[in-house]
Amino acid sequence: MYNDKKVGVIGLGKYLPENRLTNKDLEKIVDTTDEWIRARTGIKERRIAGDGEATSDMAVSAAKKALEDARLKPKDIDLIIVATITPDMFFPSTACVVQNKLGVDHVPALDISVACSGFIYGIAIAEQFIKSGRYKHVLLIAAEKMSSVTDWKDRATCVLMGDGAGAAVLGEVKDGGILSVYLGADGSKGELLKMPAGGSKLPASVSTVEGRLHFLKMQGNELFRHAVKIMAEAALKATEPLGLKGDDISLVIPHQANVRILNAVAKRMGIDPAKKVYLNIDKYGNMSAASSAVALAEAVEEGRVKKGDIILLDAFGAGLTWGAIVIKW
Ligand code: COA
């Protein structure tokens, strides 16, 4: 590291669309049951954005709350990062749309496409810009309208996803802050979770639409196996260099993909999932990048994270990508 500047989260915000889609509602759409979904995933309901509501709208709502929490104005931000795999459109980036909606023209803005690990990667990028002295305040938003890429005829995936946004302002802190960052990726397993069409490889056409190729496709079983192994390994890679053991972690705030994955990861880490793993998957399902961001915002809001606590963010997603971050609050 170039200096001993401490970087931390100085403001948090979230936005969840009002419209709730319950498991009972899904029973009317596909061949599934509330019991199956709850037992296999831990999800009870998820939020669905309105037709006219874009990812940038949710992102702006979350960002405004994070700025308020940080007691900053949009003009105090030096860089905007939006983590999303469901941008408003291919280009311009959603970050540029957000920049415009926040009324801060000329502030640099970029999207990152890291799927469910987007919030973790975003924190890592923001940390470097602040540590180097290039920027003082970075606004990181993780926002997803997963319902826009969900195949409502595929019961194996449509029960899992939800829409929402979380935002964090990062800046220099006096104590604590980010203690360690571990990131990883494995492109050889990209086939396990992808949206096949709409890009340069398979541009949109009548046949891609008819073939339902603009929806996410997932090999759930295979991913499940990788998720448990990789999230447990990532947790270790982020905590071991600091000499931290399971007991030293106050709270794990993981990406919310499946409650069974999270219980298995906690077991491998030797921690009690009932006490030390933050869960909100029951309310929101898997919101890709937004999941970790909303989980962190809610954990703090609910008083589950206190000053001096050691928290671990841990995520895994399409790519494959993964990452874990230890923060002293
Ligand atoms: N309702 C009822 N039955 C369903 C169903 C649904 N919504 N979805 C799948 N099933 C059926 C399957 O068709 C299968 O039936 P069969 O045995 O007759 O073939 C059976 O349930 C078991 O399917 P399986 O895929 O083995 O279930 P699972 O226990 O692996 O759970 C997931 C499926 C998707 C919940 C689970 O694999 C998972 O969470 N995977 C990882 C997700 C993930 O991490 N995603 C991305 C990373 S962010």
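**Close-ups of the ligand site**

**View 1. The residues that come nearest to the ligand are Thr32, Arg40, Arg155, Asn221 and Asn258.** They belong to a set of 23 residues around the ligand. Keep in mind that this is a predicted model. Sorted by class, the shell around the ligand has 12 nonpolar residues, along with seven polar and four charged ones.

**View 2. Here we zoom in on polar atoms of Arg40, Trp36 and Gly220 beside the ligand.** Arg40 brings a polar side-chain atom to 2.6 Å from a ligand oxygen atom. For Trp36, an N or O atom of the side chain sits 3.4 Å from a nitrogen atom of the ligand. Gly220 uses its backbone instead: an N or O atom there is 3.0 Å from a ligand nitrogen. As for cover, the ligand on its own has 960 Å² of accessible area, and the protein covers 73% of that.

**View 3. The ligand takes up the space of the second largest pocket.** Four elements show up here, helix 2 (34-41), helix 6 (155-158), helix 8 (220-239) and helix 9 (259-269), and each gives two or more residues to the shell around the ligand. Helix 8 supplies the largest share, with four residues.

**View 4. Pulling back a little, we find the ligand between two domains.** Domain 1 covers residues 2-174 and domain 2 covers residues 179-328. Both of these domains give residues to the shell, so the ligand lies between them.

Terms used:
Residues are numbered from 1 along each chain as its sequence is written. This is a predicted model: local features need pLDDT of at least 70, side-chain atom pairs count only at pLDDT 80 or more; totals for chains, interfaces and linings use all residues. Side-chain values use heavy atoms; hydrogens and water are left out. A residue is near a molecule or strand if one of its heavy atoms lies within 4 Å of it. A polar contact is a pair of N or O atoms within 3.5 Å; within protein, one must be able to donate a hydrogen and the other to accept it, and residues adjacent in sequence count only if both atoms are side-chain atoms. Accessible areas come from the Shrake-Rupley method with a 1.4 Å probe; for residues, only the protein chains shown count as cover. On a 1 Å grid over the protein atoms alone, a cavity is a set of points where a 1.4 Å probe fits but cannot get out, and a pocket is an open set with protein on both sides within 12 Å along at least five of seven lines; lining residues have an atom within 4 Å of a point. A molecule sits in a cavity or pocket if more than half of its atoms lie within 2 Å of its grid points. Ala, Val, Leu, Ile, Met, Phe, Trp, Tyr, Cys and Pro count as nonpolar, Asp, Glu, Lys and Arg as charged, and the others, Gly among them, as polar. Domain bounds come from an automatic or database domain assignment.
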